[in-house]
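Work through the exercises below with the coordinates open. Each task is followed by a solution in steps.

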Amino acid sequence: MKAPRSLPLLATSFVFVTLYGVASALYPGFLSLQVFVNLFGDNAFLGVAALGMTLVILAGGIDLSVGAVVAFSTVFIATLVARGAHPLGAMAAAVTAATFFGAFMGWLIQAFEVPAFLVTLGGAFFARGMAFVVNRESVAIAHPFWQKAADFGIPLSPSATLPATALTFLITLGAMMIIAHRTRFGRNVYAVGGGIASARLMGLPVASTRIAVYALSGACSGLAGVVSTLYTGSGDPARAAGLELDAIASVVIGGTLLTGGVGSPAGTLMGVLIFGTIQSALVFDGRLNSWWLRIAMGGLLLLFVLFQRALSRGSALEK
Amino acid sequence: MAPTSQSGCALLEMRGIAKAFRGVQALDDAQLTVRRGSIHALMGENGAGKSTLIKALAGIYALDAGSIRVEGIIVRPQSPRDAEAQGISTVFQEINLIPTLSVADNILLGRQPLRWGFIRQSECHRRAEAALKRIGLSIDVRKALNQYSLAVQQLVAIARALDVDARLLVLDEPTSSLDEREVASLFEVLRELKRRGLGILLVTHFLDQVYAISDTITVLRNGRWVGEFETASFPRAHLVGAMLGREIHDTPSAAPKTAVETAGEAKPPLLELRGLGKAGMLRAMDLRLRAGEVHGLAGLLGSGRTETAHLIFGVAHPDSGALLWRGVERSPFGSPREAMRHGLAFCSEDRKAEGILPRLSVRENLVLAMQANRGGLRLISRKEQAALADHYIQALKIKTPSAETPIQNLSGGNQQKVLLARWLSLSPQVILLDEPTRGIDVGAKAEVEKLIRSLRDQGMAVLLISSDLEEIVRTCERLSVMRDRRKIAELSGAEVQVSSILRAMSRHDE
Amino acid sequence: MSKPSPIRSGSRAGSLLWPAIGLVALLAGNLVFSPGFFHLEIRDGHVYGTLIDILNQGTRVMLLSLGMTLVIATGGVDLSVGSVMAVAGAVAASMVVRGSAPFGVVIAASLAVSALAGLLNGCLVVYARIQPIVATLILMVAGRGAAMLVADGQILTFEHPGFVFLGNGHFLGMPFTLTLAALALGATAWATRRTALGLFLESIGDNERAARFCGVETSRVKLFVYAFSGVCAGLAGLVAASNIKAADSSRAGEMLELDAILAVVVGGTTLTGGRFSLIGSMLGALIIQTLTTTLYNWGLPPAVAPVPKAIVILSVCLMQSPQFRERLSFARPQPKGSA
């Protein structure tokens, strides 16, 4: 029979719990609140970017410009602050610029039917180049407000604090879940990804939805840049190379269908946590090298894509 | 023809409707009337203009001419949403819903109840359940639509259409993928809606269903209005005749059948089907194709004609019955390639999707099948290709600036001739022609028919699928009549007449 | 027979016009603005100069774009070529460093691995029916990790004379890479135009269903082109490793998949598939390399080079978009009045 919609999310959650369990059994100290909380903090910028990517993929598109836009955002903020701007103003400027950039790419995709992967690839080149135009080198951020923001944390227990980066990730997650599930726009995103022709026949605003999705992904990339500068205390035009691949992998492993229409921001959280768990386990192990992360993510991606294919074949009886 | 004298005020009046696409007149002075509290069937063969008409009504196409009135007031729907606002809701054949979303989402997409900008989910579910209840359906609205059968999906689509206070419900082929029981329950719902005063416009090609549910019928043919009839007093045979443009009493222009053709009976068939069929596609079917004989396949749209060709040619795979090739039983062909290697050829009715390679040249379109049949390594030399193309351009009088012109620049008739040439160049033993003369002008049509006869004279076995009954009568020695995805009669010799085909097609079920 | 019409005659020459004009314009610009650009000199029997550098540097993208052209002709795309380059380089370098096998075996093994990688892409596209972007994305993610696994995370340096010759040697006074590119182009052109492969590819890209109805073995053809793209990527990976006498798994072929796609698109092959032009893709690769070299000559830092590249990508995509052309043609009668 046809599988229920929640099956991919269940499978992902199962993978995460298993991975975390295995790592806890192998490495002493892995099973602690702080290690768990750090999964959120250390991967916050990936998470925020992946949440934006989730919307794009749900609408049946793809955004390969994510890493480059994050890099642009970090170096843009750092340079502005270095020139004397207030960090809050710099952040707002970066997120706004990223949003407009995303909207522009969305407009090209929507108005001229140019393949999304090409437009956003071009966008990636452009944003990466512009990041180097803004500043050729990595720029450190030194500002009292910045220090305060970076040091901010909510104590969860005597030994664990929730840092500002993790908090931003969680707030973005909450906002995305509300947008996806509780707004007309969010439901339209699912409809456009689930069947663009039907969505048009149903009288839904297809064009504006598609453009808005890329704008939101741009905004998330900008915000991920903010998170990244908070995390590292610097802006770097070379940062986040290949981040879009990790983001896409997290989204797909999180149960979102690459063809669009099925998935959820909550699933993406799971995908990001799986990514973080593998990464942390590699650090804990010390013997295994970082390339295993890429191989594991590629393997999981393959597994989940095939799994989704099998599921959708089961329910594609009508065709 | 009996014009209707109906009680009930006209809900929808379309008059003088015209619409052309790139010079092709899809609708020409068509008209349609639907009354409140009645079910009206819109009928016609392929190309009659049914779907253009309902798409104009749904605001997808803008009309070139004509007026649409809803309860006497002129409307000009600009979009599906606009049409809904005027009280016209349409459920298209491909069910315009999102299968991956929940039932409630599908019913309320774009008009969910909000509070402070956010969707009120419990209210959504309540409203969706209420909308379904009105048509007698009670299911879990939180589940994804594709968890339910197509029949339920169809009902959900209707519930969505009704959720906007529709006055006119347009259903495009709603029963094409439902089984009998599901059709019955759908009709139950439609009758209830009718009782409540809704006007329903039903586009369908199932004769039995039209007689089971509709009050009145409008028939279109080639974009023109043929007439409006009261279902109860309009015999089936007349309906079929109206759709095909034939009066039942016409004397057929049967070509004299020569002795040679009847002698063909004795020859063993080249290709024989014994009970070949596939669930949901074609019921077990017998068919014998003999060398030097044109076998016709007549039937209305959706009667299983194309499906027969697909099952023979390996496009679809039969799940029952047997296929005999030169009298020897063998497993059905697994792919077009395998069928081709045995000397079969199939010229599809869907020129655009299954025939032409639009941007490639006439020459390349022509040689592709022959090249594929030879295998990739033994390239047909450029010189041979050119010679082949020139030969067929002359032999079939294909009008093209050159053999190197992209085929998309040719007219439909000339494209069709290129496709015929593609298959003829293989010198097949059996050729399946699906509507080879559709959409081409009269002159080209006569030439194609002449060509078919000459193929027969060369000793080929031809299966000719056509909805032009006169064409079938002119060219076939023998024919099978299809209805509702099965073969219902086989006619040969003197029986090959338009009137007997019509009689077979409209015969009441046993 | 009627005379062939000159417009839209379906010949391939017409599609080469624009890339050729682009390349000539770039070269002409250099003729005016950078005098040393066309200077050639002969030292030790070898020709040196900026033009030779462009040809030499452009080899990798040329090799990649050969495979990419065929994949795109079927309506697909291969995002994994950069990663496959890294894998091929790592395999060859690790074997050479160990010194256990003759060089011919090394080359063969590394190309075989590349072909397998391509075949994996092909299987995902053909049998699992995954969209090409997604199918090849998987290897794009995992491939680089696999390369590091092979190289044990090291940058493997080597001095093997044969391997070094591949990317740095000279043949007939010119860099050997040119011979390599010419051979690869010749072999590909022969395989596509002297057999029916080219026709089959174009028919699949133009209308896959119709091609299947004509008896074309669409699955086999598609499997072949993805494997072929893998081999081309492997060859490019060997050249890239040889150029720097090292296999750097994390940097080899980075972002080159984009250059390859760009070369194909600039060369006049549309992303929707169908008609393809190998020569066009070669011209596209040369345009990209000339553009890059020109920008360097003007003192633009390498890191900023992506900006003009992005603008080229987007303009070419827009020029190929029917909707964009429509808007242009609507706008065309107006400029006089508005300006």
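The exercises concern a predicted model and go from single helices to domains and chain contacts.

**Exercise 1. Helix α11 of chain A**

Task: Compare the span of helix α11 (residues 206-232) of chain A with the expected span, and decide how far α11(A) is enclosed.

Solution.
- Step 1. Helix α11 of chain A has 27 residues, and at 1.5 Å a residue these should span 39 Å.
- Step 2. The end C-alpha atoms of α11(A) are 39 Å apart, which agrees with the expectation.
- Step 3. Of the 27 residues of α11(A), 23 are buried, so the helix is largely enclosed by the rest of the structure.
- Step 4. After α11(A) comes A:Gly233, which has a positive phi, near 70°.

**Exercise 2. The surroundings of A:Val56**

Task: Is A:Val56 buried or exposed? Which residues is it in contact with, leaving aside neighbours within four places in sequence?

Solution.
- Step 1. A:Val56 is located in helix α3 (residues 44-58) of chain A.
- Step 2. The cut-off for a buried residue is 20 or more other C-beta atoms within 10 Å. A:Val56 has 29 C-beta neighbours inside 10 Å and therefore counts as buried.
- Step 3. Once neighbours within four places in sequence are left aside, the contacts of A:Val56 are A:Gly61, A:Ile62, A:Asp63, A:Val213, A:Tyr214 and A:Ser217.
- Step 4. A:Val189 is 133 residues away from A:Val56 along the chain, yet their C-alpha atoms are separated by 8.3 Å.

**Exercise 3. Two crossing helices in chain A**

Task: Describe how helix α8 (residues 164-182) of chain A and helix α13 (residues 265-285) of chain A cross, and classify the residues of their contact.

Solution.
- Step 1. The two helix axes come within 9 Å and cross at roughly 145°.
- Step 2. On the α8(A) side, A:Leu173, A:Met176, A:Met177 and A:Ala180 take part; on the α13(A) side, their partners are A:Pro265, A:Ala266 and A:Leu269.
- Step 3. Sorted by class, the contact of α8(A) with α13(A) has 7 nonpolar residues, with no polar and no charged ones.

**Exercise 4. The contact of chain A with chain C**

Task: Which helix gives the largest share of the side of chain A that touches chain C? Add what can be said of that helix's length and burial.

Solution.
- Step 1. The contact joins 38 residues of chain A to 33 residues of chain C.
- Step 2. Four helices of chain A, α5 (87-112), α6 (116-134), α12 (243-253) and α14 (291-314), each supply at least two residues to this side.
- Step 3. The largest share, 13 residues, comes from α6(A).
- Step 4. By class, the side of chain A that touches chain C divides into 27 nonpolar, 6 polar and 5 charged residues.
- Step 5. From first C-alpha to last, the 19 residues of α6(A) reach 26 Å, close to the 27 Å expected at 1.5 Å a residue. Burial applies to 17 of the 19 residues, and α6(A) is mostly covered.

**Exercise 5. Chain B: dimensions and domains**

Task: Check the radius of gyration of chain B against that of a compact globule, then describe the contact between domain 1 and domain 2 of chain B.

Solution.
- Step 1. A compact globule of 510 residues would have a radius of gyration near 24 Å; chain B has 25 Å, which agrees.
- Step 2. Along the principal axes, the C-alpha trace of chain B spans about 70 × 55 × 45 Å.
- Step 3. Chain B contains 18 helices and 22 strands, and 49% of its 510 residues count as buried.
- Step 4. The domains of chain B are domain 1 (10-234), domain 2 (250-343 + 428-510) and domain 3 (360-427).
- Step 5. Between the C-alpha centres of domain 1 and domain 2 of chain B the distance is 35 Å. Each of these two domains gives 6 residues to the contact.
- Step 6. On the domain 1 side of that contact there are 1 nonpolar, 3 polar and 2 charged residues.

**Exercise 6. The contact of chain C with chain B**

Task: How many residues of chain C are in contact with chain B, and which helix of chain C gives the most?

Solution.
- Step 1. In this contact, 29 residues of chain C meet 30 residues of chain B.
- Step 2. Helices α8 (197-206) and α9 (208-213) of chain C each supply at least two residues; α8(C) gives the most, with 6 residues.
- Step 3. The side of chain C that touches chain B has 11 nonpolar, 10 polar and 8 charged residues.

Technical notes
Residues are numbered from 1 along each chain as its sequence is written. Chains are lettered from A and ligands numbered from 1 in the order in which they are written. This is a predicted model: local features need pLDDT of at least 70, side-chain atom pairs count only at pLDDT 80 or more; totals for chains, interfaces and linings use all residues. The expected span of a helix is 1.5 Å times one less than its number of residues. A residue is buried if 20 or more other C-beta atoms lie within 10 Å of its own, exposed if 12 or fewer, and partly exposed in between; C-beta atoms are placed from the backbone. Domain bounds come from an automatic or database domain assignment. Two residues are in contact if their C-beta atoms, placed from the backbone, lie within 7 Å. Ala, Val, Leu, Ile, Met, Phe, Trp, Tyr, Cys and Pro count as nonpolar, Asp, Glu, Lys and Arg as charged, and the others, Gly among them, as polar. The radius of gyration is taken over C-alpha atoms; the globule rule is 2.2 Å times the number of residues to the power 0.38. Axes are lines fitted to C-alpha atoms, for helices over the stretch in contact, and angles run from 0 to 180 degrees between N-to-C directions.
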